[in-house]
Amino acid sequence: MSHILSVMGEMFPDAHCELNHRNPFELTIAVLLSAQCTDETVNKVTASLFQKYQTPADYLAVPIEELEQDIRRIGLFRNKAAHIQKLSQMLIDNYGGEVPQQHEELTKLPGVGRKTANVVVSNAFGVPAIAVDTHVERVSKRLGLAKADDSVLEVEKKLMKLVPREHWTDTHHRLIFFGRYHCKAQNPNCPVCPLLDVCKEGKQRMKPAVNRKAKPNPNK
């Protein structure tokens, strides 16, 4: 694990949260919007969204249909608009309009699951956490850090055991960058991967290429 973390640290020393935000509330909204959607698309939408809406009260001041139109480029925009308004109301009613810093309180908010709460506590409040998104899950399973049939929660628990607590947040970001820019879902860069030596799946993927090279040409 220390070898994997060292290599990823060298590859992506500046790995960070790529969702644009200025405060914990904006980060919470951005992560909520990012479910089944790319960070790039979310950032395009929030560029204008965060100018128009800056507080929970702002989101409640417009009809749901108007908010839906403002985020219509996002997948599941109707559900997410409803979550945003319910979340905003709960923040006003129960938390003085502020995003709570406790993980268990965050997960009480509509549309905020364990992954979203982990992203918020680690990036907004500096609490070590490993949020398991599609990239973290894929890379962890390919590298054998988790089993292929492990649930997202099981992947998170295994990573928390393998990685020192003070490195949880950095590891989360580096796993995401590694998965997003190198170990991609469809075309992972196995031939040039510095972790191929410890990657069982990578070695399997490289076998066909090796076999093709080794196969004699019958026409010669």
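The following legends describe an overview and several close-up views of a predicted model.

**Figure 1. Overview of the all-helical secondary structure of the chain, with twelve helices and zero strands.** Read along the sequence, the elements follow the pattern α-α-α-α-α-α-α-α-α-α-α-α. The C-alpha trace spans about 75 × 40 × 30 Å along its principal axes. Of the 220 residues in the chain, 43% are buried. The accessible surface comes to about 12000 Å², and carbon and sulfur atoms account for 51% of that area. Where contacts join residues at least 6 apart in sequence, 57% of them link residues at least 24 apart.

**Figure 2. Close-up of the four cysteines annotated as a binding site in the UniProt record.** The annotation, taken from an unreviewed entry, covers Cys183, Cys190, Cys193 and Cys199. These residues are spread over 17 residues of sequence yet cluster in space, the largest C-alpha distance being 11.1 Å. Cys183, Cys190, Cys193 and Cys199 also belong to the lining of the largest cavity.

**Figure 3. Surroundings of Cys183 in the loop between α11 (168–181) and α12 (200–214).** Cys183 has a relative accessibility of 10% and therefore counts as buried, the cut-off for this class being under 20%. Leaving aside residues up to four places away in sequence, the contacts of Cys183 are Arg138, Val139, Arg142, Phe178 and Pro188. One of these partners, Val139, is also included in a core of 25 residues that is separate from the largest nonpolar core.

**Figure 4. Surroundings of Cys190 in the loop between α11 and α12.** Cys190 is buried, its relative accessible area being 10%. With residues up to four places away in sequence not counted, Cys190 touches Leu196, Gly202, Arg205 and Met206.

**Figure 5. The largest nonpolar core, made up of 35 residues.** Nonpolar side chains in soluble globular proteins tend to be buried together. Within this core, Ile29, Leu49 and Tyr59 touch the most other members. Helices α2 (24–34), α3 (39–52), α6 (77–95) and α8 (114–124) each supply at least two residues, and the largest share, seven residues, comes from α2. Ile29 touches Leu49, Phe50, Tyr59, Ile84 and Leu87, not counting residues up to four places away in sequence. A second core, separate from this one, holds 25 residues and includes Met8, Val139, Leu143 and Cys199. Cys199 is also covered by the UniProt annotation "binding site".

**Figure 6. The stacked ring pair of Tyr53 and Tyr59.** A search of the whole structure finds four aromatic pairs. In the pair shown here, the ring centres of Tyr53 and Tyr59 lie 4.5 Å apart and the planes meet at 10°, so the arrangement is stacked. Tyr53 and Tyr59 are both buried. Tyr59 is also one of the residues that touch the most other members of the largest nonpolar core.

**Figure 7. The edge-to-face ring pair of Phe177 and Tyr181 in helix α11.** The ring centres of Phe177 and Tyr181 are 5.3 Å apart with their planes at 70°, so this pair is edge-to-face. The two residues are four positions apart in the helix, about one turn. Phe177 is buried, with a relative accessible area of 8%, whereas Tyr181, at 39% relative accessibility, counts as partly exposed. Ring pairs also bring in Phe12, linking Phe12, Phe177 and Tyr181 into a cluster.

**Figure 8. Positive phi at Gln36 in the loop between α2 and α3.** Most residues other than glycine have a negative phi. Gln36, although not a glycine, has a positive phi of about 55°. With a relative accessibility of 73%, Gln36 counts as exposed.

**Figure 9. Positive phi at Leu76 in the loop between α5 (64–70) and α6.** Phi of Leu76 is near 55°, a positive value in a residue other than glycine. Leu76 counts as partly exposed, at 46% relative accessibility.

Notes: Residues numbered from 1 in each chain as written. Predicted model: local features only at pLDDT ≥ 70, side-chain atom pairs only at ≥ 80, totals over all residues. Heavy atoms only, no water. UniProt positions renumbered as here; feature names shortened; annotations may be inferred. 1 Å grid on protein atoms, 1.4 Å probe; cavity = no way out; pocket = protein on both sides within 12 Å on 5 of 7 lines; lining within 4 Å. Buried < 20%, exposed > 50% of the residue type's maximum accessible area, 1.4 Å probe, protein only. Contact = heavy atoms within 4.5 Å. Core = buried A, V, L, I, M, F, W, Y, C linked by side-chain atoms within 4.5 Å. Areas by Shrake-Rupley, 256 points an atom, 1.4 Å probe, with all protein chains shown as cover. Phe/Tyr/Trp six-rings, centres within 6.5 Å; stacked < 30°, edge-to-face > 60°.
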